[in-house]
Amino acid sequence: MNHSNSTDLFNKAQNILVGGVNSPVRAFKAVGSNPFFATSGQGATVTDADNNTYTDYVLSWGPLVLGHAHPVVHDAVHAALDNGASFGIPTEAEITLGELIASHINCIEKVRLVNSGTEATMSAIRLARGVTKRDLVLKVEGCYHGHVDSLLVNAGSGPTTFGTPTSPGIPASFVESTLTVPYNDLEAVREAFTERGHEISCMILEPVPGNMGVIVPEEGYLQGLRDITKEHGSLLIFDEVMSGFRIAMGGAEERYGVSPDLITLGKVIGGGLPVGAYGGSAEIMQHLSPEGPVYQAGTLSGNPLATAAGIATLTELAKPGVLQQIEAAQTRLGAGLGEIAKEAGIPIYQTQVGSMACMFFNQNPVKNYQDATTSDTERFTNYFHGMLERGHYFAPSQYEAGFTSIAHTDEIIDGTLDAAKEVFATL
Ligand code: KE4
């Protein structure tokens, strides 16, 4: 494949954008190459500056459950834009999106729209601290919650990919206020609460982590967290920025029957435009300004374009069979890859929840962050490039998730599997 235009653009980008990108994971550093530059997307595919077209399993890191440039999103945003891009004044669309989100997620009685997943998680832990009047936050090693100071401690996704799970620039006092435990380890959580439960405002985690690859919660784990946090008067926060509206319309609460006190959302609820949200019971949310004293604000929160895209996406996604179709595409891909790896004699460990999945180059089960980091990242890199050169784009890191959309038909999945057969023969 010719990448000369993307290479020229990347060289130009580095003169003004740090690392040539506006988010580190896009830099392809983990896979030792330069990124391609996108020019357009259509359905399941994205096209780069050299007119190479790829089947896209990153889908803007999760938001594009309807694929690229879906007509319902396109038309909704254009209609909103005709009336103006932003008001900073309440609009009806914010009510509609809030009601749509709450109609699917039982634990949400009140919601606040923000502009990113980071804003959602940052605000949720501030709210938890304000409500409980406690300072400590308990997080899970390898979970990523955006670039929030308190949460960039033992974080997954980019921080792990780049070898800085705890970022420089975070005051020691913040790091000391954040405790971490391994995923899928209830005993470690019990110990943390036994020792400091009276100081812990909340426990925040991805109920289904997607930032250390995808890891499946063990039977009883999430319920155990619910019981322990309730026993100690701490709030349980499910960060479903990635898993929300991908593992079920009602998220982990629906899939596993465990209700958190707060849930954070993003990605899918914006349909590709900047939207985040956090919500919970009216009793908790009423502590938030302007009803209560915990402050949080945003110039473009609930803006007309983003809410239009979010409403269009969730409305389409809620139609009978749509979410199941997207999950079935991921299942078809995973089953095919499993067969191919087996025939090639290459050890892999696969995980999937809903339409998010991961193929670890690992001969052992991956149950937590430590397990994930024993994966063969060199073999992953060779797989990544082999697939990319054949026109199939997966996340450029072993520590990310893969996604499908409504546009990933059987024919498209089977084309990816044909390429994978060739690539596995080279690994
Ligand atoms: P944003 O601030 O990037 O919208 O959301 C942060 C966030 C919060 N919580 C979870 C569970 C997330 O997965 C994310 C963001 N995910 C990464 C991909 N692993 C976004 C990609 C990027 O950083 O560019």
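**Entry 1: the ligand shell**

I began with the surroundings of the ligand in this predicted model, and I found that 17 residues surround the ligand, with Ser23, Thr118, Asn211, Asp239 and Glu400 as the closest. Sorting that shell by class, I noted five nonpolar, eight polar and four charged residues around the ligand.

**Entry 2: polar atoms facing the ligand**

I then looked up individual distances, starting with serine 23, where a polar side-chain atom lies 2.6 Å from an oxygen atom of the ligand. For threonine 118, I noted that an N or O atom in the side chain is 2.6 Å from an oxygen atom of the ligand. With aspartate 239 the ligand atom is a nitrogen, and I read a distance of 2.7 Å from it to an N or O atom of the side chain. I also checked how far the ligand is covered: taken alone it exposes 540 Å², and the protein buries 87% of that.

**Entry 3: the domains**

Next I asked myself where the ligand lies with respect to the domains. The protein is divided into domain 1, which covers 4-69 + 320-424, and domain 2, which covers 71-317. Because both domain 1 and domain 2 give residues to the shell around the ligand, I wrote down that the ligand lies between them. I noted that the C-alpha centres of the two domains lie 24 Å apart, and that 38 residues of domain 1 are in contact with 39 residues of domain 2.

**Entry 4: the cysteines**

Last, I wanted to know how many disulfides there are, and the count came to zero. For cysteine 202, I saw why no bond is assigned: the closest cysteine sulfur, in cysteine 143, is 13 Å from its own sulfur, whereas a disulfide needs the two sulfur atoms within 2.5 Å. Cysteine 358 is in no disulfide either, and I noted that the nearest cysteine sulfur, again that of cysteine 143, is 14 Å away. I also looked up whether these residues are buried or exposed: cysteine 202 counts as buried because its relative accessibility is 0%, and cysteine 358 counts as buried because its relative accessibility is 9%.

Note on methods. Residues are numbered from 1 along each chain as its sequence is written. This is a predicted model: local features need pLDDT of at least 70, side-chain atom pairs count only at pLDDT 80 or more; totals for chains, interfaces and linings use all residues. Side-chain values use heavy atoms; hydrogens and water are left out. Buried means under 20% relative accessible area, exposed over 50%, partly exposed in between (1.4 Å probe, protein chains only). A residue is near a molecule or strand if one of its heavy atoms lies within 4 Å of it. A polar contact is a pair of N or O atoms within 3.5 Å; within protein, one must be able to donate a hydrogen and the other to accept it, and residues adjacent in sequence count only if both atoms are side-chain atoms. Accessible areas come from the Shrake-Rupley method with a 1.4 Å probe; for residues, only the protein chains shown count as cover. Ala, Val, Leu, Ile, Met, Phe, Trp, Tyr, Cys and Pro count as nonpolar, Asp, Glu, Lys and Arg as charged, and the others, Gly among them, as polar. Domain bounds come from an automatic or database domain assignment. Contact means heavy atoms within 4.5 Å.
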